[in-house]
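Please look through the structure below before reading on. The paragraphs after it go from enclosed space to a pair of charged residues and then to an open pocket.

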Amino acid sequence: MISNQILQNTIDGLKAIARVDFCVMDVDGKEAASTSLSMSGSEAETVEFAKSPADSQEIRGYQYFKIYDEQQPEYILIASGIGEDVYMVGKMAAFQIQNLLVAYKERFDKDNFIKNLLLDNLLLVDIYSRAKKLHIQTDVRRAVLVIETGADRDSNILETMRNFCGSSSKDFVTAVDENNVIVVKDLSEGDSIKEIEKSAESIEAFLMKEGMAQVHIAYGTVVREIKEVSRSYKEAKMAMDVGKIFFDERNIIAYSELGIGRLIYQLPIPLCKMFIKEIFGGRGLDEFDEETLTTINKFFENSLNVSETSRQLFIHRNTLVYRLDKLQKSTGLDLRVFEDAITFRIALMVVKYMNYMESLDY
């Protein structure tokens with residue numbers, strides 16, 4: 001069904017053009033929209049007309065018209081006045097709302113299909129048969145973007161994004177939960193991953209301009225078949241979660257950029273705890289002082305280069321060597337040795353992942 005607000009906007013516009021008051025009611029006589037308070041007392045006539053076989057009828061100075069949904073009356077349009085002119089205006093208004101109902105029903109059907117497609121709720125044969133019925137191409141390159149903002153639930157981000165994409169766009173905008181908005185982006189043959197990145201940047205800029213804070217966007221890989229859209233969605237969802245853990249400084253993240261974080265994210269917590277216990281011998285990262293952690297992170301940033309790290313930390317090379325030696329004694333890992341550095345780096349990421357998962361439990 002069309003929202004009451006859309007119906008109200010429609011008949012307000014029609015009244016401004018035709019100078020005729022309108023009222024839209026459902027078949028039970030409940031008012032959906034009206035341009036005049038004086039037209040609100042027609043419930044009994046509306047119910048009686050809805051049961052009659054007539055498509056239009058003049059009753060007590062009003063023109064009544066039926067608006068159908070699959071051959072069943074869905075709405076009753078009432079035009080104020082009698083005569084040929086009011087009848088013609090009412091007929092045109094009913095035709096307008098009828099087309100609006102068809103368009104919204106088609107969008108609802110497509111929205112339903114895309115939701116079930118994303119959630120893997122369709123059999124393979126149903127995917128292609130329903131796509132054909134809804135005139136959705138099955139062999140187009142697509143990628144899924146997941147958008148999350150810090151806005152409250154009252155903010156209609158879904159409609160905001162639909163307005164951004166526009167009604168003529170081939171992209172699908174939907175939501176499967178109250179936390180994220182999903183864009184299934186249609187890509188041309190020449191589009192690369194850079195085009196998706198540009199689209200994500202445009203969306204971020206638009207939402208921030210609309211006053212949305214804490215915008216995060218993640219996207220999956222490009223797929224060529226409609227049946228694979230759900231895979232791109234799952235990748236985008238994972239990218240959103242992994243991005244919050246290991247790339248919290250970035251607002252836009254791609255599944256292809258997750259690296260080893262993608263593997264760590266799929267590890268069970270008991271296995272992570274066992275690994276950390278083996279590496280640190282029961283010690284936690286909170287036992288390392290801030291100076292040591294800063295030194296470790298800067299050392300990794302500079303690809304284990306002692307000279308460059310000491311320069312950026314504004315310390316003498318020997319001071320850095322002393323800190324690394326001290327760390328080796330306490331952990332048994334020498335960060336100047338590549339294998340030990342890799343082990344320590346993974347351990348830091350595992351701890352970060354464990355801390356994040358524990359924060360979700362509270």
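A cavity is a set of grid points where a 1.4 Å probe fits but cannot get out, and its lining residues have an atom within 4 Å of a point. The model shown here is predicted. It holds 1 cavity of 30 Å³ or more. About 50 Å³ of space lies in the largest cavity. Its lining is made up of H216, M240, G243, K244, F247, R250, N251 and I253. Which element gives the most to this lining? Helix 7, residues 229-246, does, with 3 residues.

One of the lining residues is M240, which lies in helix 7. Is M240 buried or exposed? Buried means under 20% relative accessible area, and M240 counts as buried because its relative accessibility is 5%. Another lining residue is H216. In sequence, H216 and M240 are 24 residues apart, while their C-alpha atoms are 7.6 Å apart in space. H216 is also among the contacts of M240 once neighbours within four places in sequence are left aside; the others are V146, I147, E148, I217 and A218.

The next stop is a pair of charged residues. R142 is found in strand 6, residues 141-148, and D186 in strand 8, residues 181-187. R142 is buried yet has no salt bridge, and D186 is likewise buried without one. How far from R142 is the nearest side chain of opposite charge? That side chain belongs to D186 and is 4.3 Å away. A salt bridge needs a side-chain nitrogen of Lys or Arg within 4 Å of a carboxyl oxygen of Asp or Glu, so the pair, at 4.3 Å, has no salt bridge.

R142 does have a polar partner in the backbone: the oxygen of Q137 lies 2.8 Å from a polar atom of the R142 side chain. Leaving aside neighbours within four places in sequence, the residues in contact with R142 include I136, F172, V184, L187, T221 and V229. For D186, not counting residues up to four places away, the contacts are V140, R141, R142, K170 and D171.

The last stop is an open space. About 430 Å³ lies in the second largest pocket. This pocket is lined by 13 residues, and those nearest its centre are N297, R345, L348, M349 and K352. The elements giving two or more residues to its lining are helix 10, residues 290-301, and helix 13, residues 338-361. Helix 13 gives the most, with 6 residues.

Note on methods: Residues numbered from 1 in each chain as written. Predicted model: local features only at pLDDT ≥ 70, side-chain atom pairs only at ≥ 80, totals over all residues. Heavy atoms only, no water. Helix = DSSP H or I, 4+ residues; strand = E, 2+ residues; numbered from the N terminus. Buried < 20%, exposed > 50% of the residue type's maximum accessible area, 1.4 Å probe, protein only. Lys, Arg positive; Asp, Glu negative; His and termini not counted. Polar contact = N/O pair within 3.5 Å; in protein donor to acceptor, adjacent residues only side chain to side chain. Contact = heavy atoms within 4.5 Å. 1 Å grid on protein atoms, 1.4 Å probe; cavity = no way out; pocket = protein on both sides within 12 Å on 5 of 7 lines; lining within 4 Å. Points joined across faces, edges and corners; volume = space filled by probe spheres on them.
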